[in-house]
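Work through the exercises below with the coordinates open. Each task is followed by a solution in steps.

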Amino acid sequence: MEGKWYQLDGNNSDVVLFSKIRLARNLADAPFPERMSGDLRKSVSKKLYAAIKSSALANEFDMINLSAIKPEKAASYCERQLISKEHLKNRESASFMLSKNEDVSIMLCEEDHIRINAFEGGQNLETAYKKADEADDVFISSLKLAFSEKLGFLTASPINLGTGLKASFALHLPALRHNNSIYKLSSMVGKLGLSLRELYKGGAGDIYILSNQVSLGISEKNAIDNVNAICDQIVKQERAAREAIKENIEFEDKIYRTLGILKTARRLDSDEFLNNLSLLRLGVSLGYFDIEYKTIGEMLFDLQNASLLNSAEAELSQSMCDKLRAQIIREKLE
């Protein structure tokens, strides 16, 4: 089995961590999830799972009931972008389907009845879309979905009317943040009908999500093309800003010191971990370090709090979690 999506390189991997396609769909004969009882959510979820299990994708997906797993494991799925924070909050009645290598997740009865999320490493929305479309075809062919000839797919939020598609990139933009261009860039992107937002609170890790905001009156292909075009421009800007950083001896020193910290630290909290990992990844892109992006991707998604707690064989305090994170990083960078 090939690696998980966050372990894979792809086009423009120095800047683009991953691509994501999300499709929102609803059943025509059921109220939107916010108006459903917990029992009805479970009943509809079983119906949706049955549609997949009776299709050619039957062996590709497992059903995961969030109420049946420990909280740390449920939260680790959220850390890996496989479910939303809202779905996690409703874990007593929430479930989702997950492909074997975690490149496709299908949230059931979150904001919409069906939320298909497909991932691909690097800048490759087209491949991510093919994965999402394959699952989408199963639901379209076997269930009556809420659809209007005039408006397209009907969704719980008017923002998602039409194609119900959101195309996103996770972008590593440490140089643009360093030269304070990120806020101007975010404003410019907003005027073009897209959004650029921090992935982690406070901008930790210098990772930003670029996505389309319009799904009505535009085709899926056009939406993907638009996001790709803006991504291409941001990649060029980030690379140019990185070249400028190479001329800054103080910043070069900071990057090399970061590697020393990660190789020797005995304790790393979440923010320190994310910020140092960002500088390490920047150093790799500048040719300073011979470290694979795969290794950094594994650390980013496997060493956050919930994932660490889930993988540990014993209960960990926050301090113990910080110590374990530092230990694993030291071992990976030896």
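**Exercise 1. The last helix**

Which helices are included in what covers the buried residues of α12? The model is predicted. Then check the length of α12 and list its buried residues.

Solution.
- Step 1: The cover over the buried residues of α12 includes α8 (249-264), α9 (270-285), α10 (293-302) and α11 (305-311).
- Step 2: Helix α12 runs over residues 318-332, and its 15 residues should span 21 Å at 1.5 Å a residue. The C-alpha atoms at its ends are 21 Å apart, so the expected span and the model agree.
- Step 3: The buried residues in α12 are Cys 321, Asp 322, Arg 325, Ala 326, Ile 329 and Arg 330.
- Step 4: An α-helix has 3.6 residues a turn, so residues three or four places apart point the same way. Read the list of Step 3 with this spacing in mind.

**Exercise 2. The chain as a globule**

Find how many helices and strands the chain has, and test its radius of gyration against the globule rule.

Solution.
- Step 1: The secondary structure consists of 12 helices and 10 strands.
- Step 2: For 334 residues the globule rule gives 20 Å, and the radius of gyration is 21 Å; the two values are close, so the chain is as compact as a globular protein of that length.
- Step 3: Along the principal axes, the C-alpha atoms fill a box of roughly 65 × 50 × 35 Å.
- Step 4: Of the 334 residues, 55% count as buried.
- Step 5: Take the contacts between residues at least 6 apart in sequence: 70% of them join residues at least 24 apart.

**Exercise 3. Surface and charge**

State the accessible surface of the chain and the separation of its mean charge positions.

Solution.
- Step 1: The accessible surface is about 15,400 Å², and carbon and sulfur atoms hold 48% of it.
- Step 2: There are 44 positive and 47 negative charges, and their mean positions lie 3 Å apart.

**Exercise 4. Two residues**

Is His 87 buried or exposed? Classify Asp 271 as well.

Solution.
- Step 1: His 87 sits in helix α3 (residues 85-89). Its relative accessible area is 2%, under the 20% cut-off, so His 87 is buried.
- Step 2: Leaving out residues up to four places away in sequence, His 87 touches Leu 66, Ala 94, Ser 95, Phe 96, Met 107, Leu 108, Cys 109 and Glu 110.
- Step 3: Asp 271 belongs to helix α9. With 44% relative accessibility, Asp 271 counts as partly exposed.
- Step 4: Asp 271 and Asp 253 are 18 residues apart in sequence, and their C-alpha atoms are 21 Å apart in space.

Definitions and conventions
Residues are numbered from 1 along each chain as its sequence is written. This is a predicted model: local features need pLDDT of at least 70, side-chain atom pairs count only at pLDDT 80 or more; totals for chains, interfaces and linings use all residues. Side-chain values use heavy atoms; hydrogens and water are left out. Helices (H or I, at least four residues) and strands (E, at least two) are DSSP runs, numbered from the N terminus. The radius of gyration is taken over C-alpha atoms; the globule rule is 2.2 Å times the number of residues to the power 0.38. Buried means under 20% relative accessible area, exposed over 50%, partly exposed in between (1.4 Å probe, protein chains only). Contact means heavy atoms within 4.5 Å. Accessible areas come from the Shrake-Rupley method with a 1.4 Å probe; for residues, only the protein chains shown count as cover. Lys and Arg count as positive and Asp and Glu as negative; His and the chain ends are not counted. The place of a charge is taken as NZ of Lys, CZ of Arg, CG of Asp or CD of Glu. The expected span of a helix is 1.5 Å times one less than its number of residues.
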